[in-house]
Amino acid sequence: MSVDPQDDPAVRRAQADRLSAVWASPKGLFLRWTDTNNNRVGAWYVITAFAFFLFAGALALLMRAQLAMPDNDLVGPSTFNQLFTLHGSMMMFLFAVPMFEATAMLLLPQLLAARDLPFPRLSAFGYWSFLIGGVFVAGSIFFGAAPDGGWFMYPPLTTEPEQSGIGADIWMLGLSFIEVSSIAAAVELIVGVLKCRPPGMRLNLMPLYAWYILVVAVMILFAFPPLIAGDILFELERLLDWPFFDAARGGDPLLWQHLFWIFGHPEVYIVFLPSIAIFAMVVPTFAQRHMLGYAWIVLAAVGTGFLSFGLWVHHMFTTGLPGISLAFFSAASEAVAIPTAVQIFVFIATLWAGRVVWSTPLLYAAGSLAIFTLGGLTGVMVAIAPFDWQAHDSYFVVAHLHYVLIGGTVLPLIGGLYYYWPLLTRRKLSDRLGKIAFWLMFAGANIAFFPMHFSGLLGMPRRVYSYPEALGVGGLNLASTIGAYLFAAGMAVIVLDLVWPRSHPPVVRNLWNAGTLEWLAETDDTNWGVRSVPIVLSRYPLWDDPDFLRKVDEGRFYLPDAEEGKRETLVTSVIDAVPIQVLRLAGPSIIPLATAVALGGVFILTTFHLYLAATISGIVTLALILFWLWTGTGLQPEKPEKHVGLGLSLPLYISGSRSAGWWAMFITMMGDATAWASLVFGYFFYWTIHPVFPPAAAPGLAGPGVFWPMAAMALILAGWIGTIAARELYARGVVLAARLTLVAATLLSLAGGLASLAGPWLHGLDPARHVYPAIVWVLASWVSAHVAAGIIMQLYCLAGSFAGRLTPQYDGDLRNITVYQHFLALSAAITFPVIGLFPEVAR
């Protein structure tokens with residue numbers, strides 16, 4: 001968007017009027033619909049996630065109505081199973097995580113004084129994927145086809161198509177599609193925090209919200225891929241009868257529990273930390289002082305994220321694990337309370353030391369901390385194995401979970417809504433309605449879930465649609481139902497407050513007198529971000545420099561205009577935020593939507609076993625991705641550098657480890673490597689549970705041999721070395737030799753991919769007969785699929801070279817695919833010795 005460089009307000013107002021006229025035209029309607037700007041995408045993300053939240057809440061009210069009285073028959077057992085499965089799945093996958101990502105997309109660019117995050121089209125693709133997958137999963141209940149195996153979908157019942165029907169496929173494939181959008185958003189957020197901070201904002205000056213988002217986005221990279229790996233095994237068993245969870249053929253359903261809860265327990269903190277991050281912005285504002293213990297909060301957030309990956313087994317205490325495992329994971333489950341408590345105590349200390357201005361957002365903060373603390377106390381209780389044996393799968397656990405999620409996610413988000421609504425809409429929500437809603441929700445949550453502790457201890461199991469009167473929990477369940485409807489009444493007040501028309505004039509800028517950069521946003525609905533990208537030398541610049549806002553508005557910092565009419569932002573160094581590039585950002589495009597529709601077709605058509613149509617949809621997806629990359633990224637600018645103000649000129653193109661694209665590839669491959677490591681974990685898990693693994697040599701069960709796995713590894717590593725050599729030759733300007741080397745690397749990679757499948761194929765491994773050949777086929781196929789993707793990347797670079805897009809100066813694509821090749825080489829160097837040599841060593 002073009003921004004006039006002059007300081008005259010009249011000139012700037014005229015420019016804004018022209019822009020508004022464009023956006024109000026029919027063309028503007030299309031531009032708004034296909035816009036990739038993170039503010040616009042984030043707004044739609046928030047609206048959609050909130051809609052799914054309301055729908056999931058309505059399902060919960062139906063469940064509570066059924067459980068209000070003993071022996072009730074309002075809904076049948078099949079419908080009730082679908083209700084609680086879809087309720088839990090939507091709250092976790094369609095509300096909690098997407099809402100955090102949506103809020104971050106809205107706030108993060110403004111908190112970092114950036115014009116936008118680095119990959120706006122990736123954000124748009126993530127949103128459309130989330131919307132399509134969410135509608136597919138949520139809409140299944142209207143056709144009686146919703147999943148009914150719980151939001152955790154434990155095998156073996158869920159892997160039997162006759163038992164679970166198509167609902168399990170809808171859950172698995174639909175939510176796998178949504179997980180793609182979550183990982184895409186995580187990549188965008190990590191690169192945004194690391195590479196798009198304003199000049200001078202070193203890591204130790206970042207807003208606490210940015211720290212929390214960085215920690216949680218990294219957690220997503222390591223938490224979601226194990227679930228994706230489990231999804232692959234799950235669907236292969238359902239669709240092809242490969243026995244990963246069938247004990248009769250060597251499988252074990254406990255592997256699913258491990259993979260699911262390696263995701264599932266960090267998931268609790270993935271949705272908790274971003275919500276608490278809002279408090280890290282709200283508390284200093286209404287205490288009117290800097291946050292105490294900045295370093296302690298950062299360390300506590302990092303510690304919480306780290307520890308959350310070491311306690312998944314406390315969901316499996318009743319599965320007969322060894323005592324040493326119970327002791328270790330019990331201790332880890334209790335230890336995670338320490339960094340959580342540090343954060344809460346720092347918030348309280350900041351309020352204690354400040355001059356507190358009580359407000360509606362702060363009321364939600366205080367109430368949510370109270371509820372979350374109660375949930376944390378019961379969490380320490382279930383972390384003790386003997387107590388967990390008594391409370392497991394009872395309503396005591398339901399109470400604990402909802403106290404944690406309501407106090408740690410829902411109420412903080414509502415408080416953030418009242419805090420940031422003036423920033424997003426230039427209007428203030430009603431304090432009166434906000435307080436009424438708070439007390440209804442606070443009372444409702446406690447009335448609904450506190451009695452569940454007692455009903456659980458009295459013997460009421462979770463996930464039952466009815467219970468006998470003799471159990472003696474009818475009164476407790478009636479109280480829980482009343483509390484649930486009271487909580488829903490509070491949410492209804494919130495919705496009323498949001499849609500109530502207001503005729504008041506726009507609120508003043510920085511209504512709450514906050515000290516952080518998001519309140520630089522102008523109140524006249526301009527179509528650009530900050531007037532200029534500032535130099536930031538403190539954590540609360542609006543407090544520490546009284547003239548800071550005026551200087552930004554007058555264009556006294558970097559990028560005070562956009563003379564070429566392009567969307568631009570600064571790229572800075574990771575540690576010290578030194579400016580290194582002017583990054584051109586993508587504008588409105590229908591490509592992210594088309595790509596999401598095509599990829600969604602792959603998952604949805606596979607659900608209904610329409611494999612040919614799914615394959616065609618996959619080919620269309622690949623074509624759209626290649627078109628997206630060819631037309632939207634890595635384009636050569638019209639000039640090598642640009643003057644950005646304050647006597648500084650920066651390049652418009654950089655490559656290698658300083659570029660945002662390189663970091664995006666590296667971060668994506670970290671998540672990919674985690675999924676691969678989860679499959680390798682599965683191989684060794686089977687080895688630990690079998691006295692003889694691999695099984696004794698027999699037709700269809702013999703290993704892939706040594707020759708073909710070793711040949712595949714050697715060829716893939718040779719292709720990796722060839723890609724590195726081509727990169728170095730390009731850097732030296734030896735273009736012809738680089739092209740020939742890249743062609744050779746492509747051929748070597750192709751041969752390696754074929755050799756990886758040759759071993760299982762030529763040795764006749766039957767994946768439907770036993771879990772050993774099945775897991776060997778999965779590992780070999782995983783590497784082969786990644787080889788195929790790598791070949792496409794190599795051919796793409798060759799095409800770019802012949803088209804003049806890839807040159808010694810503009811070599812970002814080649815450097816980025818080399819990062820991919822590093823991870824491919826690592827996976828080959830470990831996978832093939834495992835499947836080729838390990839059986840021989842074991843015997």
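The legends below describe close-up views of a predicted model.

**View 1. The largest cavity and its lining.**
The structure contains 5 cavities of 30 Å³ or more. The largest of them encloses about 70 Å³ of space. Its lining is made up of Met669, Asp672, Ala673, Trp676, Trp782, His786, Phe823, Leu824, Leu826 and Ser827. Three helices each give two or more residues to this lining: α22 (660–689), α25 (771–803) and α26 (812–836). Sorted by class, the lining residues are 7 nonpolar, 2 polar and 1 charged.

**View 2. Phe244 in the largest nonpolar core.**
The largest nonpolar core has 249 residues, and within it Phe244 and Tyr683 touch the most other members. Helix α9 (residues 254–287) is the greatest contributor to this core, with 22 residues. A second core of 9 residues lies apart from it; its members include Leu742, Leu798, Leu806 and Leu814. Leaving aside residues up to four places away in sequence, Phe244 touches Leu233, Leu236, Glu237, Gly251 and Asp252, and also Tyr686, Val771, Ala774, Ile775 and Val778.

**View 3. The loop residue Asp241.**
Aspartate 241 is located in the loop between α8 (208–240) and α9. Its phi is positive, about 65°, although the residue is not a glycine. Aspartate 241 counts as partly exposed because its relative accessible area of 40% falls between the limits of 20% and 50%.

**View 4. The hairpin of β3 and β4.**
Strand β3 (residues 641–645) pairs with strand β4 (residues 648–651) in the antiparallel sense, over 4 bridges. Together β3 and β4 form a hairpin with 2 residues between them. Leucine 646, in the turn, has a positive phi of about 55°. Glycine 645 stands opposite leucine 648 of β4. Lysine 642 has leucine 650 in β4 as its bridge partner.

**View 5. The loop residue Ala577.**
Alanine 577 sits in the loop between β1 (567–572) and β2 (579–585). Its phi is near 55°, a positive value in a residue other than glycine. With a relative accessible area of 1%, alanine 577 is buried, since the limit for that class is under 20%.

**View 6. Trp630 and its contacts.**
Tryptophan 630 belongs to helix α21 (residues 611–632). At 30% relative accessibility this tryptophan counts as partly exposed. Residues up to four places away in sequence aside, tryptophan 630 touches Leu635, Tyr796, Ala799, Gly800, Ala803 and Arg805. For one of these, glycine 800, the C-alpha atom is separated from that of tryptophan 630 by 8.5 Å, while the two residues are 170 residues apart along the chain.

**View 7. Two cis peptide bonds.**
Proline 155 and proline 156 are joined by a cis peptide bond with omega about 10°. Proline 156 is part of the loop between α5 (120–138) and α6 (161–164). Another cis peptide bond joins phenylalanine 693 and proline 694, where omega is about 5°. Proline 694 is part of the loop between α22 and α23 (707–731).

Definitions and conventions:
Residues are numbered from 1 along each chain as its sequence is written. This is a predicted model: local features need pLDDT of at least 70, side-chain atom pairs count only at pLDDT 80 or more; totals for chains, interfaces and linings use all residues. Side-chain values use heavy atoms; hydrogens and water are left out. On a 1 Å grid over the protein atoms alone, a cavity is a set of points where a 1.4 Å probe fits but cannot get out, and a pocket is an open set with protein on both sides within 12 Å along at least five of seven lines; lining residues have an atom within 4 Å of a point. Grid points are joined across faces, edges and corners, and a volume is the space filled by probe spheres set on the points. Ala, Val, Leu, Ile, Met, Phe, Trp, Tyr, Cys and Pro count as nonpolar, Asp, Glu, Lys and Arg as charged, and the others, Gly among them, as polar. A nonpolar core is a set of buried Ala, Val, Leu, Ile, Met, Phe, Trp, Tyr and Cys residues joined through side-chain atoms within 4.5 Å. Buried means under 20% relative accessible area, exposed over 50%, partly exposed in between (1.4 Å probe, protein chains only). Contact means heavy atoms within 4.5 Å. Two strands pair if DSSP finds at least two bridges between them.
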